[in-house]
Amino acid sequence: MARALTTHATLGLTEPSVVDFPPITFSAKDIDIAEWKGDVLAVVVSEQDMSKNSDSKFENPILKGLDDKLGGLLSEMSTEEDFKGKPGQSTVLRLHGFGFKRLSLVGLGPYPPSSATASYKAVGEAVAAAAKTGQASNAVIVLASKPSEDFRLHAASAIASGTILGVYEDNRFKSESKKAVLKSVDIVGLGSEPEVDLKLKYASNICSGLIFGKELVNAPANVLTPGALAEEASKIASSYNDVFTANIFDAEQCKELKMGSYLAVAAASSNPPYFIHLRYTPPDGNVKTKLAIVGKGLTFDSGGYNIKAGPGSSIELMKFDMGGSAATFGAAKAIGQIKPPGVEVHFIVAACENMISGAGMRPGDIVTASNGKTIEVNNTDAEGRLTLADALVYACNQGIEKVVDLATLTGACVVALGPSIAGFFTPSDKLAEEIVSASEVAGEKLWRMPLEDSYWESMKSSVADMLNTGGRAGGAITAALFLKQFVDEKVQWLHIDMAGPVWNEKKRTSTGFGVSTLVEWILKNSS
């Protein structure tokens, strides 16, 4: 551990309140929904489920039975509201004299949905919205059409995740906030076997890590300093000390490890850097595969002397420049609860700030990474890759077989893929297949980008081994090629540029992107 974590009084005297994880109990049941009693009965319908016969009666047996019980109200409501089961459609009817107070129809879209995980997660979010509006403490979610057998368990997990995330609100920095009321949700139409309930529990574990990651990104830089991030990581290790150990290095210890590239970025800040390493070992100690996850941990990025200035610089959002570390530690928290066998995982973050001062890194400086390679800094705002360089060298020294790094690295990737899709780069087709498979289950969008070796020409320096940036063209590619210089050739490596999907601009909040994919990837490598 570090000798001691250096902490300062928070600028602005802001202290976050504690927001409890939504305490929702999920149960998979086979029951007669017409006899269910509670606050909200939500029926999930596809566009095909809404078809009617020549007598204007629903052909779907669940909808027909419910409509008969309600004396035709369901059919009447769908007609008046022009509800056709399209994705994103939902409607709520308040009832009197029945066992349930509100009836909600939630659209799934065409069946089967093109993006199944996202579609079923949206269902959960819609139910959460209906529950919030009605101050409901319980609900039942009924699937008019059962999903395919190979996706049934994933559907359960997606619905539960959407419900939890829909109920949750990050009100830690508001003077007043309401607590979530929803306590229990029954799900009908997915079977009631123990494996369904296990998958619902799994969804809760994932959401615990995802919400933790969202809170880290949402926290302002005056609260989440590098030291505070290190403390949060330490809490994971102490909470799950049966499977986690923590090593946290301060600046002097990083100097001993020759992390000159990382320390150069941190030099200008009055908040000291901390290099964070959590190691997960399965409960039985039997390890067959060793993995590493490296997250970019810039708790604030001013750009340094190449300061972020002018319209579109987004300097006010640069608290999210540690989104990679949030995904890393969010996944760690979930893994601490799931405890997969057969796999050792190293969660690594080089945390610091990129600020401006007389002691700070200047354009034109040459820094030396821990593998001995020298870097001419031609842009201080390309700092994330400098911190990742030393973190990747350190990761490869842990005896790992595979490493995935995540970073809000380049605006170029956002230009290429937009705000919802992360780009990934890897020379390994096998690792690419693993991460794509994991992301599809998680419902997160990734797209493989080329590692064009000829572009490295723009990264060559006349006075050092390399520059830290090339030209504007292909900026996401040259950034990935830079990181490749710090990965052992024997280690399979994949880089995720998540600058776009880390943040939801419409909702002005973090997304928790990366957590679910990382957990799924780890589980795929577990025995």
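This is a short tour of a few spots to select in your viewer, and the model you have open is a predicted one.

**Stop 1: a start before the strands.** Select Leu13, which sits in the segment before β1 (25-29). Check its backbone: phi is near 55°, a positive value in a residue other than glycine. Is Leu13 buried or exposed? Leu13 is exposed, because its relative accessible area is 74% and the cut-off for exposed is over 50%.

**Stop 2: another positive phi.** Now jump to Asp82, in the loop between α2 (73-80) and β3 (90-94). Asp82 isn't a glycine, yet its phi is positive, at about 55°. With a relative accessible area of 46%, Asp82 counts as partly exposed.

**Stop 3: a nonpolar patch.** Next, select Tyr305, Ile307 and Ile356 together and switch on the surface display. What do these three form? They make up a nonpolar patch on the surface, and their accessible area together is about 270 Å². Zoom in on Tyr305, and you'll be in the loop between β9 (287-301) and α9 (323-338). Tyr305 is partly exposed, at 39% relative accessible area.

**Stop 4: two helices crossing.** From that loop, move along to α9 (323-338), then add helix α14 (residues 515-524) to your selection. How do the axes of α9 and α14 cross? They come within 8 Å and cross at roughly 50°, which means α9 is oblique to α14. Rotate the view to look at the handedness: α9 passes α14 in a right-handed crossing.

Notes:
Residues numbered from 1 in each chain as written. Predicted model: local features only at pLDDT ≥ 70, side-chain atom pairs only at ≥ 80, totals over all residues. Heavy atoms only, no water. Patch = residues over 30% accessible without salt bridge, like charges linked within 9 Å, V, L, I, M, F, W, Y side chains within 5 Å. Areas by Shrake-Rupley, 256 points an atom, 1.4 Å probe, with all protein chains shown as cover. Salt bridge = Lys/Arg side-chain N within 4 Å of Asp/Glu carboxyl O. Helix = DSSP H or I, 4+ residues; strand = E, 2+ residues; numbered from the N terminus. Buried < 20%, exposed > 50% of the residue type's maximum accessible area, 1.4 Å probe, protein only. Axes fitted to C-alpha atoms, helices over the stretch in contact; angles between N-to-C directions. Parallel < 35°, antiparallel > 145°, perpendicular 65-115°, else oblique. Left-handed = near helix turned anticlockwise from the far one by under 90°.
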